[in-house]
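Q: Please take a close look at a single part of this structure and describe its surroundings.

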Amino acid sequence: MMPAVFPTLKTGAVAQYPATKTNEFASFTVRFLDGSDQRYRQFPAPLRSWTIKLDMLDETELNTLEQFFVAQGGRFGIFSFVDPWTQTTFTNCSLDQDTLQCAVQGELRGTAQLVVVENRV
Amino acid sequence: MAYFPQLSSGATGQYPIQKRRIERTIINQLPDGHTVKFTDAGAQQTEWQLTFQDLTDSEIATLQQFFAACEGQLNGFTFLDPLDNLLAWSEALSQPAWEASTLLQLTPGIDDPIGGTGATRVVNPTGADLSLQQNVSAPGGLVYCFSAYVRSQNGVTISLFRQTADASGSQSYAAQATWTRISLSGSLSSAAGSIAVGITVPAGQTVDVYGLQLEPQPAASPYKSSYSAGGVYSNAHFSQDAFAVTTTGPNRNQCTLTISTR
């Protein structure tokens with residue numbers, strides 16, 4: 001029963017404000033004695049990542065996130081994720097964390113943070 | 001086996017509660033961004049940080065005695081997750097975790113009260129009442145709340161029950177044509193090491209059931225679905241060897257405990 005899609009909140013949203021999206025390139029730089037350098041592109045294309053900070057969750061929503069994290073086995077699993085900015089579906093993503101910390105400050109006051117990364121295919 | 005005590009209210013924890021799920025993945029990252037991953041299932045760990053405030057002298061004494069009996073991190077105990085459903089397979093009633101008469105007909109995939117299809121239609125075609133129940137390896141004498149969403153077109157009277165080897169209790173409800181959440185709360189006078197909870201469907205009747213949930217507290221919280229593992233941890237340990245108690249006034253104490261389990 002492993003969910004293959006990143007879960008949404010009760011509202012249908014994936015993320016809340018503030019949300020962070022990152023595009024990561026990888027460049028290898030060789031520096032020479034005269035100060036010049038030569039640069040190489042290591043990634044054929046940038047890898048995207050999204051930081052999803054969630055607040056004011058109820059216990060059902062927190063439980064859904066927790067079940068998803070456990071089913072994924074932390075960073076191990078693969079799932080599809082809809083970019084909340086562009087609504088583009090990325091079918092090969094993973095979590096970027098082996099620890100999920102949920103805090104419940106009170107009723108309907110749960111918090112959690114997940115980082116999603118796009119895998120190179 | 002020792003078990004983590006409840007407060008006088010019947011609750012296991014107070015807000016705020018922090019819960020951490022820890023996994024371990026070994027990753028080889030290649031220069032072009034590809035990754036090769038291996039999971040380490042043996043490294044799975046769950047950790048809770050329970051912060052207690054305004055405990056009475058009696059409550060803090062109970063916690064202190066329990067901590068002393070465990071000798072800090074040394075001895076294990078049973079811990080009931082205050083943020084989880086103690087039942088396994090809450091939406092898959094045909095799983096072996098559930099005990100039902102073979103004559104009871106279970107049809108999954110029925111529309112549920114939150115817009116999904118996680119409910120199950122339970123049909124009792126016989127001339128006798130039949131039950132669907134699950135045994136949970138949790139102390140029989142604690143305060144529990146067993147809850148479920150039910151629906152029936154015929155105003156069927158169904159009952160929720162809880163029972164141990166030496167005590168039992170039940171309550172009847174008239175199911176409505178729309179989804180209604182019903183619950184059975186309280187404690188049994190029992191020293192048993194396990195408790196069974198379930199639902200009884202009268203002879204010849206049909207009931208839709210969703211969101212079966214057992215919690216170690218007096219009232220039902222929002223429904224949490226569960227899969228192969230419920231929220232009962234039989235080999236939990238404290239993550240600390242020191243237990244600090246701060247007394248903030250007469251009969252007012254506070255402390256923080258960290259519990260972990262693999």
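What follows is an account of one residue in chain B and of the domains around that part of the chain.

Q: Where does Lys19(B) lie, is Lys19(B) buried or exposed, and which residues does Lys19(B) touch?

A: The model is a predicted one. In chain B, strand E1 covers residues 17-22, and Lys19(B) is part of that strand. Lys19(B) counts as buried because 24 other C-beta atoms lie within 10 Å, where the cut-off for a buried residue is 20 or more. Leaving aside residues up to four places away in sequence, Lys19(B) touches Trp48(B) and Leu83(B) in chain B, and Cys102(A) in chain A. Ser94(B) is 75 residues from Lys19(B) in sequence, and the C-alpha to C-alpha separation of the two is 30 Å.

The wider setting is given by the domain assignment of chain B, in which domain 1 is made of 17-83 + 233-261 and domain 2 of 98-227. Between the C-alpha centres of domain 1 and domain 2 of chain B there are 30 Å. Contact between these domains of chain B involves 4 residues of domain 1 and 5 residues of domain 2. On the domain 1 side of this contact in chain B, 2 residues are nonpolar, 2 are polar and none is charged.

Chain B also holds helix H1, residues 57-70. This helix has 14 residues and spans 20 Å from first C-alpha to last, close to the 20 Å expected at 1.5 Å a residue. Just after H1(B) comes Glu71(B), with a positive phi of about 55°.

Definitions and conventions
Residues are numbered from 1 along each chain as its sequence is written. Chains are lettered from A and ligands numbered from 1 in the order in which they are written. This is a predicted model: local features need pLDDT of at least 70, side-chain atom pairs count only at pLDDT 80 or more; totals for chains, interfaces and linings use all residues. Helices (H or I, at least four residues) and strands (E, at least two) are DSSP runs, numbered from the N terminus. The expected span of a helix is 1.5 Å times one less than its number of residues. A residue is buried if 20 or more other C-beta atoms lie within 10 Å of its own, exposed if 12 or fewer, and partly exposed in between; C-beta atoms are placed from the backbone. Two residues are in contact if their C-beta atoms, placed from the backbone, lie within 7 Å. Domain bounds come from an automatic or database domain assignment. Ala, Val, Leu, Ile, Met, Phe, Trp, Tyr, Cys and Pro count as nonpolar, Asp, Glu, Lys and Arg as charged, and the others, Gly among them, as polar.
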